[in-house]
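Here's a quick tour of the empty spaces in this protein and of how some of its helices pack. Have a look at the model first, then we'll go through it topic by topic.

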Amino acid sequence: MTTVSGLPAYSAFVSNPEAAPPRPLRRWPFVLLIVLGALLVLAPIGTGMFPRAVKGEAMIDAFEPYMTRSSIDGYRHDLQVLDDARTNVITLQQRGQQPGSYARVDQFVRDYPEILYHMSGMIGAIDDNRHNYEKLAAVPPFGTLPWLLALPGAILVGAGVFGFRRAQQGKQALVWRSTAALAALGLIAVPLLGGLFPASPAAQPLLNDLGPILTHDEVRKLQGYFVTLVAADGELNSRYTADVRTAHPEADLTGITTLETRWQPMTSRFAALIGAMNDNVRNFDAVVALNDSTRPLGFGAFRGLGFCYLVPGIFALAAAVEGIRLPGRVPAKRAALRPNPIGGARK
């Protein structure tokens, strides 16, 4: 047989076949990363979490001095001192040792049962929720929580987009998978290391008990009580005590004099508490609105907060590692179709 000169031998075609373009790898894991990331970015925006979480953090910081055991005990002791002073005045009146009429003192005697009822209820509500407050205060600063959702979400979107492109080219996109895995691990770590799961059941009782207290109407009522107490103390100190001592030197004024010795620190503490309440009514309303933003889904936002990090983190981590092949290993189907050096496909 005559050989045609200038043409390559048949063996060259068999031993050096033209490389086929790489087959695209599975791309659905990267689509899932994009979807999860977009949800994590949009969720804090849609719920107004960014401004509301900042207000929640401000409220938690503002109430820190008033949520301690010593502070609560101090307020209760102050109320007892006021009650003892009122009892002292009533005793003097019953014994006929009060010379004349004192309008501001009489108003204090008349109004104090209502004052005591509301103020002791307020202190009781604070005391009942002291441990709930401590759990919430122990979590990462509230202002950072929306960022701890949105930033990993943005990373997942970016990793998903670039990883999708690499998968189309038949490449594993290990860099983008690793980036997504790190973002997913960050999401998982937030509730586990940040104490969100122990804190989430504490939010609802705290909001329920402080809701009737942290309103503009309630603050104005407390401010009115404070005016009554200040006016009564002024009259006790300026006229009442001196008049009783002049008319009845033997009269017992122990309750009234004890009030005078504690008046300055007492009023300072109550004024600070009422001021903190007044300054944080709007902050409290913002926290309630944030908690109610997920009510259409059947739960309060704080109840599900830990899962909002954990569940997307688990799914994102699974998507990031799905389909990774170790170097040197060839899937069985592709190995079966690998060209045979002698000719044809390997079976």
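Keep in mind that this is a predicted model. Let's start with the second largest cavity, which is lined by Met59, Ile60, Tyr133, Leu136, Phe142, Ala203, Leu206, Leu207, Val287 and Phe302. From there we'll move to the largest cavity, then the largest pocket, then two helix pairs.

**Second largest cavity**

- This one holds a volume of about 80 Å³.
- Its lining is greasy in class terms, with ten nonpolar residues and no polar or charged ones.
- Helices H3, H6 (130-137) and H9 each put at least two residues into the lining of the second largest cavity.
- H9 is the top contributor here, giving three residues.

**Largest cavity**

- In total, the model has four cavities of 30 Å³ or more.
- The largest cavity encloses about 130 Å³ of space, and of its 13 lining residues, Phe63, Met67, Leu206, Leu210 and Leu214 are the closest to the centre.
- Leu206 therefore deserves a second look in the viewer, because it turns up in this lining and also in the lining of the second largest cavity.
- At least two lining residues come from each of H3 (49-63), H5 (103-128) and H9 (196-210).
- H3 has the largest share of this lining, with three residues.
- As for class, the lining of the largest cavity consists of 13 nonpolar residues, with no polar and no charged ones.

**Largest pocket**

- The largest pocket offers about 460 Å³ of space.
- Which residues sit closest to the centre of the largest pocket? Out of 21 lining residues, they are Ala43, Thr47, Leu149, Thr294 and Cys308.
- Two or more lining residues come from each of H2 (28-46), H3, H7 (145-168) and H13 (305-321).
- H2 gives the most to this pocket, with five residues.
- The pocket lining splits into 18 nonpolar and three polar residues, with no charged ones.

**H5 against H10**

- The axes of H5 and H10 (residues 216-247) come within 9 Å and cross at roughly 140°.
- That makes the two helices oblique to each other, because an angle over 145 degrees would be needed to count as roughly antiparallel.
- H5 and H10 make a left-handed crossing.
- On the H5 side, the contact includes Ala103, Arg104, Phe108, Tyr112, Ile115 and Met122, while the H10 side includes Glu218, Leu222, Tyr225, Ala232 and Tyr240.
- By class, this contact has 14 nonpolar, three polar and six charged residues.

**H4 against H11**

- H4 (residues 69-94) and H11 (residues 254-279) have axes that come within 9 Å and cross at roughly 140°.
- How are H4 and H11 set relative to each other, oblique or roughly parallel? They are oblique.
- The crossing of H4 with H11 is left-handed.
- Among the H4 residues that meet H11 are Gly74, Tyr75, His77, Asp78, Leu82 and Leu92, and the H11 partners include Thr254, Ile256, Arg262, Trp263, Met266 and Phe270.
- The contact of H4 with H11 divides into 13 nonpolar, six polar and four charged residues.

How values were computed: Residues numbered from 1 in each chain as written. Predicted model: local features only at pLDDT ≥ 70, side-chain atom pairs only at ≥ 80, totals over all residues. Heavy atoms only, no water. 1 Å grid on protein atoms, 1.4 Å probe; cavity = no way out; pocket = protein on both sides within 12 Å on 5 of 7 lines; lining within 4 Å. Points joined across faces, edges and corners; volume = space filled by probe spheres on them. Helix = DSSP H or I, 4+ residues; strand = E, 2+ residues; numbered from the N terminus. Nonpolar A, V, L, I, M, F, W, Y, C, P; charged D, E, K, R; others polar. Axes fitted to C-alpha atoms, helices over the stretch in contact; angles between N-to-C directions. Parallel < 35°, antiparallel > 145°, perpendicular 65-115°, else oblique. Left-handed = near helix turned anticlockwise from the far one by under 90°. Contact = heavy atoms within 4.5 Å.
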